[in-house]
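Me: I'd like a close look at one part of this protein: the salt bridges and where their side chains sit. Could you walk me through them and then place them in the wider fold?

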Amino acid sequence: MRYLCLIHCSDEQMAGGVAPGDMPQFVNAHLDYDDALRATGQLVATEALEAADSAAIVRVRQGKLWVTDGPFAETSEQLGGFYLVDAASDEEAVRIAAGIPSARVGSIEVRPVAQTEHG
């Protein structure tokens with residue numbers, strides 16, 4: 001089953017959790033974890049995201065397009081990236097999420113991917 005592991009972290013958590021000089025090691029820890037998951041066949045996709053202030057929110061209401069700059073919601077935590085993984089169970093997905101280096105400074109939301117059929 002596929003699981004989406006959403007990385008959430010506030011600026012304060014990142015600043016307090018990773019010193020600027022340690023950022024290259026932190027990024028490399030993610031890349032090493034990516035390689036380990038890829039080697040086991042569990043990594044489907046992973047990406048880091050640009051800062052939330054670079055986002056655009058798109059809505060269509062009654063045929064009219066609305067575009068708003070900035071993050072979806074005013075919140076202290078922002079979506080910083082994701083891992084899409086294959087795991088045999090919820091417990092395994094949680095174990096995989098716990099290995100993501102960002103779990104040490106922020107939080108990882110683990111959600112099963114809905115099984116949908118086109119019909």
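**Salt bridges and their surroundings**

Reply: The structure holds 4 salt bridges, and keep in mind as we go that this is a predicted model. Let's take three of them in turn.

Start in helix 2, where the side chains of Arg-38 and Asp-35 meet at 3.0 Å, N to O. Because these two are 3 residues apart in helix 2, about one helical turn separates them. The general rule behind that spacing is that an α-helix has 3.6 residues a turn, so residues three or four places apart point the same way. As for exposure, Arg-38 is partly exposed, with a relative accessible area of 46%, and Asp-35 is partly exposed too, at 45%.

Helix 3 has a pair with that kind of spacing: Arg-95 and Glu-92 both lie in this helix, 3 residues apart, or about one turn. Their side chains form a salt bridge at 3.5 Å, N to O. Arg-95 counts as partly exposed because its relative accessibility is 49%.

While we're on helix 3 (residues 90-99), look at what it buries: Ala-93, Ile-96 and Ala-97. Those three cover an arc of only 100° around the axis, so they sit on the same side of helix 3. Glu-91 and Ala-98, on the other side of the helix, are exposed. What do the buried residues of helix 3 pack against? Their partners are strand 1 (2-9), helix 2 (23-40), strand 5 (78-86) and strand 6 (107-112). Helix 2 turns up again there, this time as a packing partner of helix 3.

The third bridge joins the side chains of Arg-111 and Glu-109, with 3.6 Å from N to O. Arg-111 is partly exposed at 49% relative accessibility, and Glu-109 is partly exposed at 29%.

Now for the wider fold. The protein has 3 helices and 6 strands, running β-α-α-β-β-β-β-α-β from the N terminus on. Of its 119 residues, 28% count as buried. Among contacts with a separation of 6 or more, 75% are between residues 24 or more positions apart. The accessible surface comes to about 8,100 Å², and carbon and sulfur atoms account for 54% of it.

A buried spot worth a stop is Thr-46, in strand 2 (residues 43-48). Thr-46 counts as buried because its relative accessibility is 19%, with the cut-off set at under 20%. Its side chain reaches the backbone oxygen of Phe-82 at 2.9 Å. Neighbours within four places in sequence aside, Thr-46 is in contact with Asp-34, Phe-82 and Tyr-83.

For contrast, go to the surface. Val-58, Val-60, Leu-65 and Val-67 make a nonpolar patch of about 390 Å². Strand 3 (56-61) and strand 4 (64-69) are the elements that give two or more residues to this patch, and Val-67 lies in strand 4.

The loop between strand 3 and strand 4 holds Gln-62. Gln-62 is exposed, at 86% relative accessibility, and its phi is near 50°, a positive value in a residue other than glycine. Most residues other than glycine have a negative phi.

One last loop, between strand 2 and strand 3, is where you'll find Asp-53. Asp-53 counts as exposed at 65% relative accessibility. Its C-alpha atom is separated by 4.5 Å from that of Gly-70, 17 residues apart along the chain.

Conventions: Residues are numbered from 1 along each chain as its sequence is written. This is a predicted model: local features need pLDDT of at least 70, side-chain atom pairs count only at pLDDT 80 or more; totals for chains, interfaces and linings use all residues. Side-chain values use heavy atoms; hydrogens and water are left out. Helices (H or I, at least four residues) and strands (E, at least two) are DSSP runs, numbered from the N terminus. Buried means under 20% relative accessible area, exposed over 50%, partly exposed in between (1.4 Å probe, protein chains only). A polar contact is a pair of N or O atoms within 3.5 Å; within protein, one must be able to donate a hydrogen and the other to accept it, and residues adjacent in sequence count only if both atoms are side-chain atoms. Contact means heavy atoms within 4.5 Å. The arc is that of the directions from the helix axis to the C-beta atoms. Patches are made of residues with over 30% relative accessible area and no salt bridge: like charges are joined within 9 Å, nonpolar side chains (Val, Leu, Ile, Met, Phe, Trp, Tyr) within 5 Å. Accessible areas come from the Shrake-Rupley method with a 1.4 Å probe; for residues, only the protein chains shown count as cover.
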